[in-house]
Amino acid sequence: MIIDCHGHFTTVPQSFKNWRAEQVAHADDLVNAPNPDDAQLSDDQLREAIEGGQLRLQRERGGDLTLFSPIASLMSHHLGNERTSLEWARVSNDTVKRVTELFPRNFAPVCQLPQSPHAPPANSVPELRRCVEQLGFVGCNINPDPSGGYWTGKPFTDRDWYPLFEALCDLDVPGMVHVAASCNPNFHSTGAHYLNADTSVFMQILQSDLFKDFPTLRLIIPHGGGAVPYHWGRYRGMSLEMMQRPLEGLLNNIFFDTCVYHLPGVELLTKVVPVDNVLFGSEMIGAVKGKDPDTGEYFDDTKRYVDALPLGDGDKHKIFEANARRVFPRLDALLTSQGR
């Protein structure tokens, strides 16, 4: 089975985006704020958005299942206020859940959290629990910078985050570290902010005792881990100098995906990071939608890169399926219930 651990509903209909824009415009005007019921999409709208996009490419590229979450850039936690973030998270998560009900063998749900700048992360726990315990979600995306590129909050390892980590451990679901759109003009959202966040959070974890406090916490750092695998020696040295511990000790809790859009990058990732810590991911249709003029193939058809790696079938099975089922135990239970 080919499990893609990193998918977003990027083909959501324009009417859904329009509702969000109206909601943000009336964030402090409850009288004229749009009704969440007006954000509802019909089954036909959802089918059209999925069948012409992610589902078509999933089938064409040989995938079986995608872990599906709301479109990352539209999480936009820096917009509106804490009330609108909660409302938007619920609307978005409910929409993703409906997609997985329409296509239960192709998609499994991952939720966004109702984060907001300076709001305690603990305030996101009720929505996380609703999604996991009531709706059957198998994981969540966590934005380490709800300010949208200005990093006004506390580090990801600060104790303010601990109630959220406690809930993740209690629910036995992993979190993917994933920022949203950048409103800071210094940082392009997908070309800089995403990769900066991946790298920054890893460094914050390296400087902390997070996994001593939460030995069962599992975090996925997407986009190939930002700069981390490609400067592994730098981080190994810092870990020994600053924390007097081997960097490899973090690998019991941290995992990386294959959203690196060329073969040499994926080759380096799997040479540096143990195969047990690599999950197949494509983020299609996402940051890089076009074709490589040198090959004529889509950049985000990342299965081709894994297929081309000089690895044995057993290692490729781990990347494509086994690691995802281990890191997402609720996904494994879901697939088992489907006879897969």
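In the predicted model, aspartate 172, which lies just after helix α6, takes a positive phi of about 60 degrees. The helix that precedes this residue, α6, spans residues 162-171 and has as its buried residues Tyr162, Leu164, Phe165, Ala167, Leu168 and Leu171. These buried residues of α6 pack against three other helices and a strand, namely α5 (125-135), α8 (210-213) and α13 (329-337) together with β4 (139-142).

The largest nonpolar core comprises 71 residues, of which Leu128, Ile142, Phe165, Phe202, Leu210 and Phe256 touch the most other members. Helix α6 supplies the largest share of this core, with six residues. A second core, separate from the one just described, holds 16 residues, among them Cys5, Val138, Phe255 and Leu331. With residues up to four places away in sequence left out of the count, isoleucine 142 touches Leu113, Gln115, Phe156, Trp161, Leu164, Leu168, Gly175, Met176, Val177, His178 and Leu219; of these contacts, Leu164 and Leu168 are among the buried residues of α6.

In helix α2, which covers residues 43-51, Leu46, Ala49 and Ile50 are buried. Viewed down the axis of α2, the buried residues fall within an arc of 90 degrees, and they therefore line one face of the helix. Asp44 and Glu48, by contrast, are exposed on the other side of α2. The cover over the buried residues of α2 includes the strands β1 (3-9), β2 (65-70) and β3 (107-111), as well as the helices α3 (54-60) and α4 (82-102).

Methods. Residues numbered from 1 in each chain as written. Predicted model: local features only at pLDDT ≥ 70, side-chain atom pairs only at ≥ 80, totals over all residues. Heavy atoms only, no water. Buried < 20%, exposed > 50% of the residue type's maximum accessible area, 1.4 Å probe, protein only. Helix = DSSP H or I, 4+ residues; strand = E, 2+ residues; numbered from the N terminus. Contact = heavy atoms within 4.5 Å. Arc of directions from axis to C-beta. Core = buried A, V, L, I, M, F, W, Y, C linked by side-chain atoms within 4.5 Å.
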